[in-house]
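Let's take a walk through this protein together, starting from the big picture and ending at a few individual residues. Have the structure open and turn it as you read.

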Amino acid sequence: MDEVVVVRPGEFTIKRGATRAEMEKLLLKAAREAAEECGGAKFEKEPGRIYARGDTQCLKKALARVFGVKSVSPAYVMKFEGVADIAREAARLWGGLAAGRRFAVRAHRVGNHPFTSRDVAAAVGSALVAAGGRVDLENPEVEFFVEVRGDRAYFYSEVVEGPGGLPLGSEGKVLALVSGGIDSPVAAWLLMRRGAHVDVLHCNLGGTVALRHTLEVIKRLLAWSYGYNARVIIADCSPVAKALRSGVREELWNIAFKRALYRIGAEVAKTVRAAALVTGESLGQVSSQTLQALAAAEMGVGIPILRPLIGMDKDEITKLAQRIGTYEISAKTPEYCAVFSRRPKRWASREEIEEIDFALHDAVAEVASNVKVVRKWQLAEFIKTLSPPEDIEVETPPEGAVVIDLRDEESYRKWHLPGAFRADFDEVLSLVDKLGRDKTYVFYCYSGGLSLDVAESLRKLGIKAYSLRLRRGT
């Protein structure tokens with residue numbers, strides 16, 4: 001007996017000729033990269049199946065994350081001469097598991113044999129009944145699978161679902177606009193699932209803390225990108241935020257920012273040779289995702305925009321994010337509100353689009369020409385290098401500074417620094433606009449992470465801001 005992981009390719013097996021051969025090659029390339037996490041593996045293939053030998057339990061998990069794989073099963077394999085050999089081995093492997101339980105045997109056969117799949121199932125079932133089990137094909141407590149292929153029989157009791165879809169790289173390249181929230185990583189994953197190489201563009205409006213948070217989301221997303229050393233393109237979008245707040249009417253901010261992001265994406269796509277943009281928009285989810293707003297934002301952008309989530313509701317998207325492994329971090333990512341209007345328009349006229357383009361033209365060009373590119377394999381080390389500016393933390397507020405408490409209302413009532421205002425994260429910009437951008441601001445929170453991020457974000461808008469390091473016990 002030998003242990004293997006049985007890998008079942010997905011839908012591309014219905015293809016023929018050179019197309020199928022190329023997809024098999026891509027799948028094996030990705031599978032080999034996935035197997036490196038397990039110390040490597042030896043692969044064999046035959047029509048409709050791939051077999052991997054190595055650390056079976058590790059390979060089971062890694063290969064179930066390869067696009068183009070329908071499912072995997074850790075299995076025992078043996079050469080046999082007849083059905084009796086198969087039944088005898090099944091009793092040895094599964095007799096203890098079947099004893100006292102309801103079970104079902106599912107048999108499948110490929111090749112020329114003097115017996116049928118039903119014969120195999122009946123013989124194995126009889127052997128397991130003799131071991132103390134009871135057959136129940138409709139409602140079994142445990143299922144046993146026997147797959148007969150040529151002169152070999154594969155025995156397994158576990159089927160691990162893979163992502164399915166097509167092998168990565170079989171359908172060209174796209175550029176995904178990823179914010180770090182719940183939706184956009186799911187959209188990128190779905191395009192990977194359809195075989196596209198996905199590079200990621202992140203428009204950073206927050207500080208270093210927020211950027212680190214988002215890059216951790218992207219790292220989890222790209223952990224699925226076996227077979228492709230994806231690019232992560234980081235764009236400092238503060239010039240767009242400044243130009244938008246000073247040159248565009250507030251009710252158009254949501255549409256204007258989305259349009260700026262599309263235009264930045266279109267320029268970056270030329271550099272990485274992506275054929276389309278991918279976004280996480282779902283129709284009607286927020287005001288900037290109405291049909292009219294989307295049509296206005298993409299008017300004349302000049303590159304296809306793919307929206308795989310367009311017909312999904314939030315529950316469906318959330319379940320996918322949980323499966324991918326990005327949800328836990330994405331759900332904690334704060335939304336930066338410097339460019340979101342409190343009373344947004346749901347559409348824009350052609351004249352208003354021209355107004356937006358005029359106001360943001362230079363900022364879009366500046367952002368697109370100053371992006372930073374980090375490869376997937378470099379991402380973990382790059383994240384470690386990110387830290388806020390050295391002078392952004394202070395022990396005491398500078399003379400005349402406006403102090404703002406970012407904690408919750410109850411904590412503020414119990415204790416706060418004398419003279420401190422209280423504001424929620426999404427109220428900071430409004431408060432700063434109200435009090436004046438020419439003032440110095442100092443923020444504090446529970447642990448310092450949020451106040452660091454807010455202070456650094458404001459600095460990108462030209463506002464003098466600091467994070468206060470609170471003493472223990474304060």
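Before anything else, a word on cover: a residue counts as buried when its relative accessible area is under 20%. Keep that cut-off in mind, and keep in mind too that this is a predicted model.

Start with the whole chain. There are 474 residues, and 54% of them count as buried. The C-alpha trace spans about 90 × 55 × 35 Å along its principal axes, and the secondary structure adds up to 16 helices and 20 strands. Sequence-distant pieces meet a lot here: take the contacts between residues at least 6 apart in sequence, and 79% of them join residues at least 24 apart. On the outside, the accessible surface is about 22,200 Å², with 49% belonging to carbon and sulfur atoms. As for charge, you'll find 68 positive and 62 negative side chains, and the centres of the two sets lie 3 Å apart.

Now head for the N-terminal part. An unreviewed UniProt entry lists residues 57-159 as "domain: THUMP". That stretch is 36% helix and 34% strand, and its end C-alpha atoms sit 13 Å apart. Look at Leu-63, in helix H2 (residues 56-63). With a relative accessibility of 1%, Leu-63 falls under the 20% cut-off and so counts as buried. What does Leu-63 touch, leaving aside its neighbours within four places in sequence? Its contacts are Val-5, Val-7, Ala-31, Ala-34, Phe-43, Ala-52, Val-69 and Val-72. Leu-63 and Gly-164 are 101 residues apart along the chain, with 11 Å between their C-alpha atoms.

Further along comes helix H5 (residues 183-193), which is mostly covered, with ten of its eleven residues buried. Among the buried ones are Pro-185, Trp-189 and Met-192. After H5 comes Gly-195, which has a positive phi near 95°.

Next, jump to Asp-405 in strand E17 (residues 402-405). Its relative accessible area is 0%, so Asp-405 is buried. Beyond its neighbours up to four places away in sequence, Asp-405 touches Tyr-412, Trp-415, His-416, Phe-421, Arg-422, Ala-423 and Tyr-444. Asp-313 makes a contrast to those contacts: 92 residues from Asp-405 in sequence, it lies 35 Å away, C-alpha to C-alpha.

That brings us to Cys-445, which the unreviewed UniProt entry annotates as "active site". You'll find Cys-445 in the loop between strand E19 (440-444) and helix H16. Is Cys-445 buried or exposed? Its relative accessible area is 6%, which is under 20%, so Cys-445 is buried. Not counting residues up to four places away in sequence, Cys-445 touches Leu-406, Arg-407, Leu-450, Ser-451 and Leu-470.

Finally, follow the chain into H16 itself (residues 449-460). At 1.5 Å a residue, its twelve residues should span 16 Å, and the end C-alpha atoms are 17 Å apart, which agrees. Nine of the twelve are buried, so H16 is largely enclosed by the rest of the structure. Ser-451, one of the contacts of Cys-445, is among those buried residues, as are Asp-453, Glu-456 and Lys-460. Just after H16, Gly-462 takes a positive phi of about 85°.

Key. Residues numbered from 1 in each chain as written. Predicted model: local features only at pLDDT ≥ 70, side-chain atom pairs only at ≥ 80, totals over all residues. Heavy atoms only, no water. UniProt positions renumbered as here; feature names shortened; annotations may be inferred. Helix = DSSP H or I, 4+ residues; strand = E, 2+ residues; numbered from the N terminus. Expected span 1.5 Å × (residues − 1). Buried < 20%, exposed > 50% of the residue type's maximum accessible area, 1.4 Å probe, protein only. Contact = heavy atoms within 4.5 Å. Areas by Shrake-Rupley, 256 points an atom, 1.4 Å probe, with all protein chains shown as cover. Lys, Arg positive; Asp, Glu negative; His and termini not counted. Charge placed at Lys NZ, Arg CZ, Asp CG, Glu CD.
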